[in-house]
Structure formats: C-alpha cells, structure tokens
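Biologist: I'd like to walk through this protein with you, bit by bit. Could you put it up on the screen?

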Amino acid sequence: MKFFVDTADVNEIRELNELGLIDGVTTNPSLIMKSGRDIVEVTKEICSIVEGPVSAEVAATEYDAMMKEAAVLAKIADNICIKLPLTLDGLKACRALTSDGHMTNVTLCFSANQALLAAKAGASFISPFIGRLDDMAIDGMELIREIRQIYDNYGFDTEILAASIRTVNHVREAALIGADVATIPASTIKALVKHPLTDKGLEAFLADWKKTGQTIA
C-alpha cells in the first residue's frame, strides 16, 4: 500500500520524504489555509520535494469554473493530481481532465455508488473518507471493502485512496482490505513505528550492551 501524507506543511513533507516513507501528498483548501501560504507557491514547492502525485484541489463547484482552476493547477508541475468533488460537475470535469491526460482524485466519497461513478468517469484515485463515517457511527472500513469488491469485479483502474485516516488501526485495516493508497497525517505515519515492546526490548539491549564495556566505533 502506498502512503500519501495529508498536509501542506513542507517541513513535514521533506522529513518523511527523506525517510523514504511517502509516495505522494494530498492537500485541500483547509490544509492550504493552515499553511498560511499562497496555493500555487506552496504546491510548487511540494511538487519539487516528492516525485509522486501531489493532489491540489479546485475550489469551484461548477464545471466551467472547475476546468479554469484545473488549468492553473495543472501548470504547476507534471506530478499534479487535480482533486475534484464527488458531484455531477466534478465527475464531468474528471472525465474531461482524465481524457486530456491529467491525474485526477475524486474526493468526499461516502458511498460505494459514488465510488462506482468516479471509476466510470475515469478517476485516477477515489478518496473514501473513513474517519468522517466513523464519526457518524458508520463503519468506514466497510466502505473500503465494498469499493474494493466492486472495482475488482469489473477491473477498474481507479485506485482506492483511503482518506480521513485518524488512527494507526485505520492504516492497518485499510492495508488488510486492500486499499491501494492511504493518505495519512504526518503524526500518524510516525506513530506507526511505535510499540511498547519495541521500546522495552531496546532498553534491555542497551542496558546489556553498556555492561559489556565495548564500543563499535
């Protein structure tokens, strides 16, 4: 499973990229606002850091306006992936942009039917929001299972990008189900390495090594 980091913070992106832990980046208007920077400026810098897809989202809601904004975003870098809302206008824009050779990420997916439509529109990625469904007492992972089965049934090329990841368990479950990608906050990616038995074991090894009085270098 590929990891995208869900942030517009270039310091977080650079750190995780240097560790070799990420395959791409997703941003959205809320993350751009949090960065406090101009969308074109910060997105261009992000694209220079990572080689994989960088999702940049349109703010428009009508087809013609979406296409105008997409044209601006697409010029930023070759690895830009245009992020579009899961609406009829968004699907129309997805079809047009995909036909022109652009990567597309259809976002705000909350049902298998929506995911089916996105795949038929040729989306490169579909972003089902796990955490927001969980907030409503709906099993977000069940949606991932349903989309996985539908896409496998018909051989769709659209990749399932598990989004709204809140916990390390979300990451594990998405990987077990077979999500192609998970977009994850930087803090959650770092938390994946943690386990109390790892810490305890390392503490014991270091204590024993100190007793030997040896050095390696």
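What follows is a chat about a helix, a few charged pairs and a surface patch.

Modeller: Before you ask, this is a predicted model, where local features need pLDDT of at least 70 and side-chain atom pairs count only at pLDDT 80 or more, while totals for chains, interfaces and linings use all residues. Residues are numbered from 1 along each chain as its sequence is written, and side-chain values use heavy atoms, with hydrogens and water left out.

Biologist: Okay, which residues of helix α1 are buried?

Modeller: Helices are DSSP runs of H or I with at least four residues, strands are runs of E with at least two, and both are numbered from the N terminus. Buried means under 20% relative accessible area, exposed means over 50%, and partly exposed is in between (1.4 Å probe, protein chains only). In α1, which spans residues 10-18, the buried ones are V10, I13 and L16.

Biologist: Why do those buried residues sit on the same side of α1?

Modeller: An α-helix has 3.6 residues a turn, so residues three or four places apart point the same way. In α1 the buried residues are V10, I13 and L16. They are on the same side because they cover an arc (taken from the directions from the helix axis to the C-beta atoms) of only 135°.

Biologist: And which exposed residues does the face turned away from the buried side of α1 carry?

Modeller: The buried side packs against β1 (2-6), β2 (24-26), α3 (39-49) and α10 (186-191). On the face turned away from that side, the exposed residues are N11 and E18.

Biologist: Which residue caps the N-terminal end of α1?

Modeller: Look for a side-chain oxygen that lies 2.9 Å from the backbone nitrogen of N11. The residue that brings this oxygen, and so caps the helix, is D9.

Biologist: How many salt bridges does a search of the whole structure find?

Modeller: Side chains of opposite charge can pair when their charged atoms come close. The cut-off for a salt bridge is a side-chain nitrogen of Lys or Arg within 4 Å of a carboxyl oxygen of Asp or Glu. With that rule, the search of the whole structure gives twelve.

Biologist: K2 and E159 form one of them, so how many residues apart in sequence are the parts they tie together?

Modeller: Their closest N and O atoms are 2.8 Å apart. K2 lies in strand β1 and E159 in strand β7 (residues 159-162), so in sequence the parts tied together are apart by 157 residues.

Biologist: Which residue does R14 form a salt bridge with?

Modeller: R14 is partly exposed, with a relative accessible area of 30%. Its partner counts as partly exposed too, at 24% relative accessibility. With the closest N and O atoms 3.3 Å apart, that partner is E45.

Biologist: Does K83 count as buried or exposed?

Modeller: K83 forms a salt bridge with E57, with 4.0 Å between the closest N and O atoms. E57 counts as buried at 15% relative accessibility. At 5% relative accessibility, K83 counts as buried.

Biologist: Last one: which residues is R148 in contact with, leaving aside its neighbours within four places in sequence?

Modeller: R148 lies in helix α8 (residues 140-154) and is buried, at 14% relative accessible area. Contact means heavy atoms within 4.5 Å. With the neighbours set aside, the contacts are I160, I177, G178 and D180.

Terms used:
A polar contact is a pair of N or O atoms within 3.5 Å; within protein, one must be able to donate a hydrogen and the other to accept it, and residues adjacent in sequence count only if both atoms are side-chain atoms.
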